[in-house]
Amino acid sequence: MKAVIITQPGPPGVLQIAERPIPGFTADEVLIKVAAAGVNRPDVAQRKGHYPPPAGVPQDIPGLEIAGTITQVGGNVTRWKVGDKVCALVAGGGYAEYCNVPGGQCLPVPPNFTFIEGASLPETFFTVWSNVFDRGRLQPGETLLIHGGSSGIGVAGIQMAKAMGSKVYVTAGSDEKCRICKELGADIAINYKTADFVNAIDHLTNGKGIDVILDMVGGSYTPRNLQVLADDGRLVMINMMEGKDTQIDLSVILRKRLTITGSALRPRSVAFKNDVAASLEKNIWPLLASGRIKPVINAIFPASRAAEAHALMESSQHTGKIILSFEV
Ligand SMILES: NC(=O)c1ccc[n+]([C@@H]2O[C@H](COP(=O)([O-])OP(=O)(O)OC[C@H]3O[C@@H](n4cnc5c(N)ncnc54)[C@H](OP(=O)(O)O)[C@@H]3O)[C@@H](O)[C@H]2O)c1
């Protein structure tokens, strides 16, 4: 099969097409002929050598989400059959014509969705569900602030939280990105390059603050996040794009009874991912089928141009998802 491999840690050009054997699969897995694979920021970190893949997945083939057709089914898998069209969360190896994945990490491609659209869902929807609703315990009627509202994570988070009955605030790096976030349902979008989000939220919430924050920025945002959290607020961290070091006033945590938490999806167990898949299928897949939640695709590249896809992601010019196609 053809695969996009990381020839060595470095800039986008280190991504090259190579021939690789079609992977095997266990009794608990299915083999998927991949039609499309989503590009995610963690793939960029992996390409640079900063996010090593876990054992048991191809070490030089990135890719955390795919959509395609099942071609083989392991003996213990009862849910799926050859020919089923699925999208799936994988721990690596997604940028390839074939990929093996535990049966429980597959979900049906929603009705009327293309494979491109299906491939845009798993990584961000699993991440938002497990962090915003599980760890962050966001409740209907509560407020959510998403930093990076125009990211792949952001466009999923806005729509999921709105559909579950929350008021959604976002920050984004341009007026155009803010406009798109509002079009997706965000109640308030703050261009962090022209406004201070702490002052803006203090004003907009009459000093009450935000119940849950989903943060991928870290660094200097952390004390500011604690400042804008409401009493009993929860800060959920999924990355530290500005940096992992920060200084915070611990007394704020006691005064407002705050929770600071976070998680990374890829190293979690298959059982955990199966549980998240089941929650998504119950709570979110019907909203995709009905059109209440929509995929947001910014750009599609043939897999042979994966380097351009990564360069676009690193430019941060995109809004929503970037997808690699294996069918063109
Ligand atoms: N923990 C997990 O399990 C998990 C899983 C998936 C993704 N993630 C993380 O979630 C984040 C979003 O992922 P994604 O794939 O949706 O990424 P993405 O589409 O590339 O979006 C990232 C966006 O973040 C914004 N941003 C804000 N501050 C930034 C900074 N200091 N440096 C770079 N960008 C900054 C940029 O838009 P602006 O113009 O608004 O600045 C950028 O477009 C990434 O940090 C990723 O690593 C975590």
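Me: A polar contact is a pair of N or O atoms within 3.5 Å; from which residue does a polar side-chain atom lie 2.4 Å from an oxygen atom of the ligand?

Reply: The model is predicted, so local features need pLDDT of at least 70 and side-chain atom pairs 80 or more, while totals for chains, interfaces and linings use all residues. Residues are numbered from 1 along each chain as its sequence is written, and side-chain values use heavy atoms, without hydrogens and water. Polar backbone atoms of Ile153 and Gly173 are each 2.8 Å from a ligand oxygen, but the side-chain atom at 2.4 Å belongs to Tyr192.

Me: How much of the ligand's accessible area does the protein cover?

Reply: On its own, the ligand has 920 Å² of accessible area (Shrake-Rupley method, 1.4 Å probe). Of this area, the part covered by the protein is 90%.

Me: From which domains does the shell around the ligand draw at least three residues each?

Reply: The shell holds 24 residues (a heavy atom within 4 Å of the ligand), with Arg41 and Lys177 among the closest. Helix 1 (41-47), helix 3 (122-135) and helix 4 (152-163) each supply at least two of the shell residues. By automatic or database assignment, the domains that each give at least three are domain 1 (2-121 + 266-325) and domain 2 (125-262).

Key. Polar contact = N/O pair within 3.5 Å; in protein donor to acceptor, adjacent residues only side chain to side chain. Helix = DSSP H or I, 4+ residues; strand = E, 2+ residues; numbered from the N terminus.
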